Every structure is written in C-alpha cells, then in structure tokens.
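Welcome! Take a moment to turn the model around on your screen, then read on with it beside you.

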Amino acid sequence: PYSPPAYTLGDENYLCRSEYECCHSEETMAAFREWLGDRYGTIAALNAEWATDYAGFDEVEPITIAEAAQLPESFARWIDHKLFMDTAFAEMHEIGAAAVKSQDPGTKVGWDGFLGYNWKMGYDFAKLTANLEMNQTYNSNFLQGELYRSFKRDDAFTGKWGNSVADVEEGWHAFPWDCLLAGDNSVWWWTSWGCDYIPFNPDLSISNMGRWFFESLEETRSGPGRLLLNAGRVESPIAILYSHRDMFAAALLGQMADGQPWSGDARFTGTHQALLRALRDAGYQYTHLTFDDVEAGGLSPEEHRVLILP
C-alpha cells in the first residue's frame, strides 16, 4: 500500500548509518507518515492515541526508546514506529521475492538463518511468513522455529540448519528427526566448503559428519520416518497470543525498571520459550495467533479452549 523506506536495518541503536539519517530520511519519513495515515485516518485520532498535538501527519516524527521511556502517558509513538519498521522489513523481503519470481515464477523465495531474536531485529514471524514460501532458522533457535511453524504457508519450504547443537555424532543423528517432528520438509547444512561442518572431505570422501547425517536421513525416509513425513500434526485446543507490541513494551520496561524480573525483551522471549517447553513436556501441542487473527474471528470455542497471553 505504500513505498517501503530506504533504510530498514533495525532500530535507532542498531543501524549502519546515523540515527538521524536512518530515522529521519525523506523516504523513511514519507512512508512512515503514509502508514500512520492509513492506520489512524485522522491526525486527531493519532494525537489522542499518542498524547501529542500535531497539526498534520507531515509534522510527525519518531522517537527513540530512551525518549519513549520518559513519556509514560503514551508509548504508542515509539511502538507504532517499531511496528512500521517490522512491516517495512517484511515488505523488503517481498520486493526481492517478487523480482526473483518475475524471472522464475515457480521458485520459492524467503529467508533463512535468522540469528538473535529481540526488539531490534524486525523479525515479525507472522509478517515474514505471510507472503514468503521459504522459512528456515537454526535448530538451536527453538522459539523461532515454533513461531514460523504456527504461521508458515501450507506450501512453504521449511527446515533448519544443524549448527552447534549438531556438531557431534549424537547431534547429526538427531537433528533430521528434530526437523521432521517439527513439521519441516527439509534439513540444511551449515556450509559445503572449508574443513568443518561439511558432508565431504576435500578429497571428496565422506566426512564423519556426513556419514552420521546420511545415516539419520535414511532412517527418516523409511519406516516410522516416512509415516511421519506424510502425517498431520494433531493440535491441542490451545492458542498462544503472538504480539510484537508486548515485546516492545517489555523492552521499554527494561529501560524504566531495569533488573526487575518482568522487564526487558530477553526475559519476555525467555518466558515465552519456557512456556512452550512446559506445554510440550506436559504432552500438549499449541498454535500461535496474532491480534489480527483474534480480531478476525480466528479464536473460536470449537478450536480453542484456552488462550494464553505470554
């Protein structure tokens, strides 16, 4: 609905250019103001939510997290800017995907190998899976894998890297099964060159890592593995709210009440991950829903008996 900004690398504290250049560039500000206009409709509505007194959208300016922490009457000004940046980040991927598909319409395009997951990263997994058919992360990033599992498209190409979790014999035997049980349809190598984490040695003989991996892969292609590959996941009637707004709120609380057990985005994602593991340990499955899903009627008594708010 609008032209994405020129700079979408993260946050005011996580950018390759200066804060002023990235947050206040002409392209970025024009896109941000247009996004706000679509969201609020009138400047009066925006002022009411933000506790500001702008005369028009052309006056709107973003603020930093440190500035937002000093304005407890409304955090919406900062959070809206973060939500906009997450949207722009996802749309930049979609623009690249459209360019590839214009030359090869049948290919699946998306993203892989996201590293840390926090308020600076721009990784809204609901947005990043809606129009992108390749979704892949590291098998050590449990929470990221569970999020794209909930939101991925039915036709998505998904899988995980076997990284530090799979650098020993037990790991290489286990991680294809980890992908299979998570509902993935592929497994990924860290690299195919050098002398570490490779399936073949420089003389093309198979490495130990390759031997362990191919043994496990063969197991998943027959017997119980083949049955699982074509099986459907049976979900428990449990929904979990996925909300980047809450992650941003937790980051703000980290600025305002540092050291408290409930403040900071790392604690927010850590407790979310612990919640998922506790449900799995108790024998339950679950799926994530967004605010938009709930508002659109995606939460129904027929499918969900419990909604958990992390």
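## The whole chain

How many helices and strands does the secondary structure of the chain come to? There are 13 helices and 7 strands. Keep in mind as you explore that this is a predicted model.

The chain has 310 residues, and 47% of them count as buried. Its accessible surface comes to about 15,800 Å², with 54% of that belonging to carbon and sulfur atoms. Now think about which parts of the chain touch each other. Among contacts with a separation of 6 or more, 62% are between residues 24 or more positions apart.

## Helix α3 and its two faces

Let's start with one helix. Helix α3 covers residues 43-50, and its buried residues are I43, L46, N47 and W50. Looking down the axis of α3, you would find these buried residues within an arc of 100°, so they line one face of the helix. The face turned away from that buried side carries the exposed residues A44 and A48.

What do the buried residues of α3 pack against? Their partners are two other helices, α2 (26-40) and α5 (76-103). Helix α5 will come up again below.

## Two residues with a positive phi

Just after α3 comes A51, with a positive phi near 60°. A51 is not a glycine, yet its phi is positive. You can find A51 in the loop between α3 and α4 (65-68). With a relative accessibility of 44%, A51 counts as partly exposed.

L204 is another residue to look up. Its phi is positive too, at about 75°, and L204 is not a glycine either. L204 belongs to the loop between β4 (186-188) and α9 (208-220). Is L204 buried or exposed? Its relative accessibility is 69%, so L204 counts as exposed.

## Aromatic rings

Now for the rings. The structure holds 26 aromatic pairs. One of them is formed by W78 and F248: the ring centres are 5.9 Å apart and the planes lie at 75°, so this pair is edge-to-face. The pair ties together distant parts of the chain, as W78 is in helix α5 and F248 is in helix α11 (residues 244-256), 170 residues apart. Both W78 and F248 are buried.

Rings can also gather in a group. F89, W111, F114, Y117, Y123, F125 and Y148 form one aromatic cluster. Elsewhere, a ring has a charged partner: the charged end of R277 sits over the ring of F142, 4.0 Å from the ring's centre.

## Q136, a buried residue in a strand

Next, find strand β2 (residues 134-138), where Q136 has its place. Q136 has a relative accessibility of 0%, so this residue counts as buried.

Which side chain does the side chain of Q136 join in a polar contact? The partner is W161, and the contact is 3.1 Å. Leaving aside residues up to four places away in sequence, Q136 touches W111, D112, G113, F114, Y148, G159, K160, W161 and W188. You have already met W111, F114 and Y148, which belong to the aromatic cluster.

## M85 and F291: partners from along the chain

Back in helix α5, look for M85. Its relative accessible area is 12%, which is under the 20% cut-off, so M85 is buried. M85 and T28 are 57 residues apart along the chain, and their C-alpha atoms are separated by 9.4 Å.

Finally, visit F291 in helix α13 (residues 291-295). At 31% relative accessibility, F291 counts as partly exposed. Which residues does F291 touch, not counting those up to four places away in sequence? The answer is L241, Y242, S243 and R245. For F291 and L241, which are 50 residues apart along the chain, the C-alpha atoms are separated by 7.2 Å.

Technical notes: Residues are numbered from 1 along each chain as its sequence is written. This is a predicted model: local features need pLDDT of at least 70, side-chain atom pairs count only at pLDDT 80 or more; totals for chains, interfaces and linings use all residues. Side-chain values use heavy atoms; hydrogens and water are left out. Buried means under 20% relative accessible area, exposed over 50%, partly exposed in between (1.4 Å probe, protein chains only). Helices (H or I, at least four residues) and strands (E, at least two) are DSSP runs, numbered from the N terminus. The arc is that of the directions from the helix axis to the C-beta atoms. Contact means heavy atoms within 4.5 Å. Rings of Phe, Tyr and Trp (its six-membered ring) pair if their centres lie within 6.5 Å; planes under 30 degrees apart count as stacked, over 60 as edge-to-face and the rest as tilted. A charge sits over a ring if NZ of Lys or CZ of Arg is within 6 Å of the ring centre and within 35 degrees of the ring normal. A polar contact is a pair of N or O atoms within 3.5 Å; within protein, one must be able to donate a hydrogen and the other to accept it, and residues adjacent in sequence count only if both atoms are side-chain atoms. Accessible areas come from the Shrake-Rupley method with a 1.4 Å probe; for residues, only the protein chains shown count as cover.
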